[in-house]
Amino acid sequence: MYTLQVISVITLLVCSILGSVFSQSKDKISTLDVMSYEAVLELNIEKEQIEGSVDIAFQTDAATVAFNSGKLQIIKVAGENVLSYECKDQKIIISLRDRKDPENRIQIIYKGNPTVGMFFIHETEEIYTAFSTSEWMICNNSPSDRAKFKLDIIIPSDKICVASGTLVQKMDQGDKIKYSWVQDYQTPTYTYGFAVGDFKEYQEMHRDISLNYYAANYSAKDVETIFDKTSDMMDFLEERSGIRYVQNSYSQILIGNHYQEMAGLAVLKNSYGELVLKDTTETNLISHELAHQWWGNMITCENWNHFWLNEGFATFMSAAYNGHRFGQRKYDSDINSYFEVYNSIKNSGKDKPLVFTDWSNPSRDDRNLVYFKGAYVLHLLRTELGEEGFWNGIKYYSQKYFGKSVNTLDFQKSMEASSGKNLNAFFHEWIY
Ligand SMILES: [Zn+2]
C-alpha cells in the first residue's frame with residue numbers, strides 16, 4: 001500500500017516537473033557566464049499576461065551571446081555594448097561591440113502570455129512557476145551557469161507573493177503592491193521562481209531559519225500536520241551533507257499541479273497535502289524537495305546528461321530520511337519500491353546508463369531511471385562502502401562541490417578519495 005503510494009506520487013512528480021523543458025537541454029553556452037539578474041515583473045492575473053524587464057550582468061569573450069527567451073516577446077534591448085539582436089528558436093541572440101573588457105550589462109524589456117513555465121489558475125486567481133524560468137524571464141537556461149537574482153514583482157494589493165530567495169521589502173503602490181526578493185548567492189536559473197495568490201501564511205522558527213508555509217485551502221492545524229517534520233528533515237540533511245542550510249528562510253507552498261524545487265522555496269501540488277493528512281508517513285516529496293536545497297540547487301549537475309546527480313540524490317535522501325525517522329524496514333520498503341520501478345524498465349529492455357549521452361528528448365522511462373535507478377544505485381553504493389564509508393564520502397563530495405557544478409566523475413572521484421577504494425568497476429556496471 002505504502003509502496004504503491006510512494007511510486008504513484010513520485011511518478012507524478014517525474015511526469016509533471018519535466019514537461020517541455022528538456023527540449024531545450026542543448027542550450028549550454030560555454031562562453032557566457034552570468035553574474036546576476038535583476039528583474040521587475042508586473043502580473044496581470046485577469047489577462048494572464050506579464051510585462052517584465054531584466055538587467056543581466058555577464059561576462060563573455062564572444063562576439064555574440066544567446067539567452068533563452070521561451071515564447072516571450074522582446075520589446076527592447078539596451079546596453080552599452082549591444083550592436084544588434086535577433087530572436088530565433090526561443091532565443092535572443094545579441095551581437096556585441098568589439099571590446100577588451102569581458103564584462104557586460106544589458107537590459108531587456110519583454111512581455112508575454114506564458115502557458116508553460118508559469119501557470120495561471122483561473123478559478124482561484126493564483127499563479128506559480130515551475131520549469132522553466134525562460135518562459136517568464138529572459139535568462140540562460142544552462143544549469144551550469146549560476147547567478148545571483150533579484151526579483152521585484154508587482155501584483156494586486158489583495159494578493160501575496162512568495163519567491164525564491166529572501167523577502168527584503170514590501171511596498172504599497174496604490175491598488176498594487178511590490179514585493180522585492182533577493183538571492184545573494186549564485187544558483188542556476190531553474191531554481192528561480194515564485195507563487196502569487198490569496199494564501200494563508202504560517203511560520204515557525206528552526207534555529208534562526210524561518211520556516212514558512214503557504215496554503216489557500218488548508219487549516220492552520222492541517223498545515224502544521226503536513227509540514228510537521230520539516231525541521232527534523234533539515235537537521236538530518238545538514239548532518240548527512242555536513243553543510244548547514246544556506247538561506248535564512250525556507251518556504252513551502254501547496255498550490256497547483258506541480259512539484260518544483262527552487263532556491264529556498266518548494267512548490268508542492270495542492271492535493272498532496274490531503275495525501276499527507278491521510279497518512280502522515282507519506283512525506284517523501286517534502287523531504288525530496290528539501291534535499292534539493294543541497295543536491296540540485298547548490299550541487300548542480302553541469303548539464304542534464306548528469307541529471308541523476310540531482311534527482312537520484314533527492315529521491316535517495318527521502319528514503320534515507322525515512323530510515324532515520326522510522327527505521328530500517330521503512331527504508332528497505334522505499335528502496336524496494338525504487339527497485340521495482342527500475343526493474344520493470346529493465347525487463348522491458350529499456351534500461352540505460354545513468355549518465356546519458358543525449359538528454360534532449362527523454363522518455364518517461366528515461367526520467368524514471370534518473371530518479372529511481374539513480375536512488376537505487378546510491379543504495380547499492382551504500383551497501384558496497386558500508387555506513388561510515390558511504391556517508392563520509394557523501395559529506396566529502398557535498399562539501400567539496402557545494403555551490404558548484406558537478407559531473408558523475410566528480411562524484412566517483414570523491415567517493416574514491418574518501419573511502420580509499422577503487423570504484424571503477426562499480427561505476428561502470430551501474431552508472432556508465
Ligand atoms: Zn526532484
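Two strands count as paired here if DSSP finds at least two bridges between them. The model discussed is a predicted one.

Q: Which residue of β17 stands opposite Leu211?
A: Strand β16 (residues 209-215) pairs with β17 in the parallel sense, over six bridges. Strand β17 itself covers residues 249-254. Leu211 faces a residue of β17, and that residue is Tyr250.

Q: Which residue in β19 stands opposite Leu254?
A: Strand β17 is joined to strand β19 (residues 265-268) by four bridges, and the two run parallel. Leu254 has its opposite number in β19, namely Leu268.

Q: How many of the six residues of strand β17 are buried?
A: A residue is called buried if 20 or more other C-beta atoms lie within 10 Å of its own C-beta atom. By that cut-off strand β17 is mostly covered, and the count of buried residues among its six is five.

Q: What is the order of the strands in the open sheet of four strands?
A: The pairing in this sheet is antiparallel. Its edge strands are β8 (118-121) and β11 (160-163), each of which pairs on one side only. On average, and with direction ignored, neighbouring strands are turned by 10 degrees against each other. The order is β8-β9-β14-β11.

Q: Which residue in β9 is the bridge partner of Phe120?
A: β8 pairs with strand β9 (residues 126-129) in the antiparallel sense, and four bridges hold this pairing. For Phe120, the partner in β9 is Ile127.

Q: Is Glu123 buried or exposed?
A: Glu123 is found in the loop between β8 and β9. Only 12 or fewer other C-beta atoms within 10 Å qualify a residue as exposed. Glu123 has 5 such atoms, so it is exposed.

Q: What distance separates the C-alpha atoms of Glu123 and Ser418?
A: Along the chain, Glu123 and Ser418 are 295 residues apart. In space, the separation of their C-alpha atoms is 53 Å.

Q: Where do the buried residues of α7 lie around its axis?
A: The buried residues of α7 are Asp334, Ile335, Ser337, Tyr338, Val341, Tyr342 and Ile345. Because they cover an arc of only 145 degrees around the axis, they lie on the same side of α7.

Q: Which residues are exposed on the other side of α7?
A: Just after α7 comes Gly349, with a positive phi of about 80 degrees. Within α7, away from the buried side, the exposed residues are Gln328, Arg329 and Asn347.

Q: How far apart are the end C-alpha atoms of helix α7?
A: Helix α7 (residues 328-347) has 20 residues, and at 1.5 Å a residue it should span 28 Å. The distance in the model agrees with this, being 27 Å.

Q: How many of the residues of helix α5 are buried?
A: Helix α5 (residues 284-291) is largely enclosed by the rest of the structure. Its buried residues include Leu285, Ile286, His288 and Glu289. The count is eight of the eight.

Q: How are α5 and α6 oriented to each other?
A: The axes of α5 and helix α6 (residues 308-326) come within 8 Å and cross at roughly 125 degrees. The crossing is right-handed. The two helices are therefore oblique.

Q: How is α8 oriented to α9?
A: The axes of helix α8 (residues 364-401) and helix α9 (residues 408-419) cross at roughly 115 degrees, coming within 8 Å. That angle makes the two helices roughly perpendicular.

Terms used:
Residues are numbered from 1 along each chain as its sequence is written. This is a predicted model: local features need pLDDT of at least 70, side-chain atom pairs count only at pLDDT 80 or more; totals for chains, interfaces and linings use all residues. The expected span of a helix is 1.5 Å times one less than its number of residues. The arc is that of the directions from the helix axis to the C-beta atoms. Axes are lines fitted to C-alpha atoms, for helices over the stretch in contact, and angles run from 0 to 180 degrees between N-to-C directions. Angles under 35 degrees count as roughly parallel, over 145 as roughly antiparallel, 65 to 115 as roughly perpendicular and the rest as oblique. A crossing is left-handed if the near helix is turned anticlockwise from the far one by less than a right angle, and right-handed if clockwise.
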